[in-house]
Amino acid sequence: MKKSNEALWWSLFSAGGVMSALFLPVFVVITGLVVPSMAARNGSRVTHEHFVAIVSWWPVRLALFGIIFLTAFHAAHRIRHVLMDLGWRHHGLPLIVLCYGGAIACTGAAGWILGTF
Amino acid sequence: MRAKRFQTPMPSTWFLQRAGYRRFMAREATAIAFAPFLVYLLVWIHRLSQGPEAFAALIEVTRNPVSVVLHSLLFGAVLYHSFTWFNLTPKIMPMYVAEEKVPDFWAAIFMGYLPWVVVTAVVLWGVLR
């Protein structure tokens, strides 16, 4: 039987599906609602220093890295399969390079931004 | 030389034909919204690390109506992903207690919705306290 990496991609997809389902809705609420409506007010508790204090704590950075890494591979796998279903099935290798390459780039950027925070 | 594979003609709009296909494609397409959000999240964290001025400029951008519309669309996509993911979890990973299969409804609550409520509450508490 031909060796395949599908099991690896699928387990990353699955883990990322769980992480994104649990964390992304509240993240969107924070970046889209909490920050714009509260952070600009005078005397707000949700300030720059407040968020810096949160992200400076290493367990938060580690969690953010895990969430971003797994969500990136989840999205890459799904986008790849959407494009295959839309008729790109015969461009297998370029799709793999584009999708998982994007996820690797995103993971690298997350490692750099969170590692040097 | 290998024989040319036979291909059934399949228009790329095949998923529009049935309601079930449309729901499938809507679910899978949520991932297309995830990619720009991840980039945005990384920019957000990077802006935060650059100091109060950079962060204040970012807040101004998020108060723009365009940002509000994009966040609303994104919120719809992530919610659709969460609901469909938690509802599918018991079908892919059935839950058993004392060799008795837990009904899908309760399995989805225990493995998905309950952890979701806890995670959301903890994150909001951490940010708003």
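Okay, quick definition before anything else: when I say helix or strand, I mean a DSSP run, at least four residues of H or I for a helix and at least two of E for a strand. With that in hand, chain A has four helices and zero strands. And keep in mind that what you're looking at is a predicted model.

On confidence, then. The scores are ipTM 0.91 and pTM 0.90. For chain B the average pLDDT is 91, and 97% of the residues score at least 70.

Back to chain A. The order along the sequence is simply α-α-α-α. Its radius of gyration comes out at 18 Å, where the globule rule gives 13 Å for 117 residues, so chain A is more spread out than a compact globule. If you'd rather think in box dimensions, the C-alpha trace spans about 65 × 30 × 20 Å along the principal axes. Of those 117 residues, 31% count as buried. And if you take the contacts in chain A with a separation of 6 or more, 71% of them are between residues 24 or more positions apart.

Now chain B. Here we have four helices and two strands, running α-α-α-β-β-α along the sequence. The radius of gyration is 21 Å, while a compact globule of 129 residues would be near 14 Å. The C-alpha trace of chain B spans about 60 × 55 × 35 Å. Buried residues are 19% of the chain. For the contacts in chain B with a separation of 6 or more, residues 24 or more positions apart make up 31%.

So how do the two chains meet? We get 38 residues of chain B in contact with 41 residues of chain A. On the chain B side, the elements giving two or more residues are α1, α2 (52–62), α3 and α4, and α1(B) gives the most, with 14 residues. What's the make-up of that side of chain B, by nonpolar, polar and charged? It splits into 27 nonpolar, nine polar and two charged.

The core is a shared affair too. The largest nonpolar core has 39 residues, and the ones with the most contacts inside it are Ile68(A), Ala72(A), Phe73(A), Ala76(A) and Leu38(B). Two or more residues each come from α1, α3 (58–88) and α4 (92–115) of chain A, and from α1 (19–49), α3 (65–92) and α4 (104–128) of chain B. The largest share, ten residues, is from α3(A). Take Ala72(A) as an example: leaving out residues up to four places away in sequence, Ala72(A) touches Ala103(A), Cys106(A), Thr107(A) and, over in the other chain, Leu38(B).

Last stop, two residues on one helix. Gly17(A) sits in helix α1 of chain A, residues 6–39, and Ile30(A) is in helix α1 of chain A as well. Buried or partly exposed? Gly17(A) has 25 other C-beta atoms within 10 Å, and the cut-off for buried is 20 or more, so Gly17(A) is buried. Ile30(A) has 19 within 10 Å, so Ile30(A) is partly exposed. Beyond the neighbours within four places in sequence, Gly17(A) is in contact with His74(A) and Trp85(B). With that kind of filter, Ile30(A) touches Val35(A) and Val127(B). And one distance to finish: Gly17(A) and Gly43(A) are 26 residues apart along the chain, with their C-alpha atoms separated by 38 Å.

Conventions:
Residues are numbered from 1 along each chain as its sequence is written. Chains are lettered from A and ligands numbered from 1 in the order in which they are written. This is a predicted model: local features need pLDDT of at least 70, side-chain atom pairs count only at pLDDT 80 or more; totals for chains, interfaces and linings use all residues. A residue is buried if 20 or more other C-beta atoms lie within 10 Å of its own, exposed if 12 or fewer, and partly exposed in between; C-beta atoms are placed from the backbone. Two residues are in contact if their C-beta atoms, placed from the backbone, lie within 7 Å. The radius of gyration is taken over C-alpha atoms; the globule rule is 2.2 Å times the number of residues to the power 0.38. A nonpolar core is a set of buried Ala, Val, Leu, Ile, Met, Phe, Trp, Tyr and Cys residues joined through C-beta atoms within 7 Å. Ala, Val, Leu, Ile, Met, Phe, Trp, Tyr, Cys and Pro count as nonpolar, Asp, Glu, Lys and Arg as charged, and the others, Gly among them, as polar. pLDDT is the predictor's confidence in each residue, from 0 to 100.
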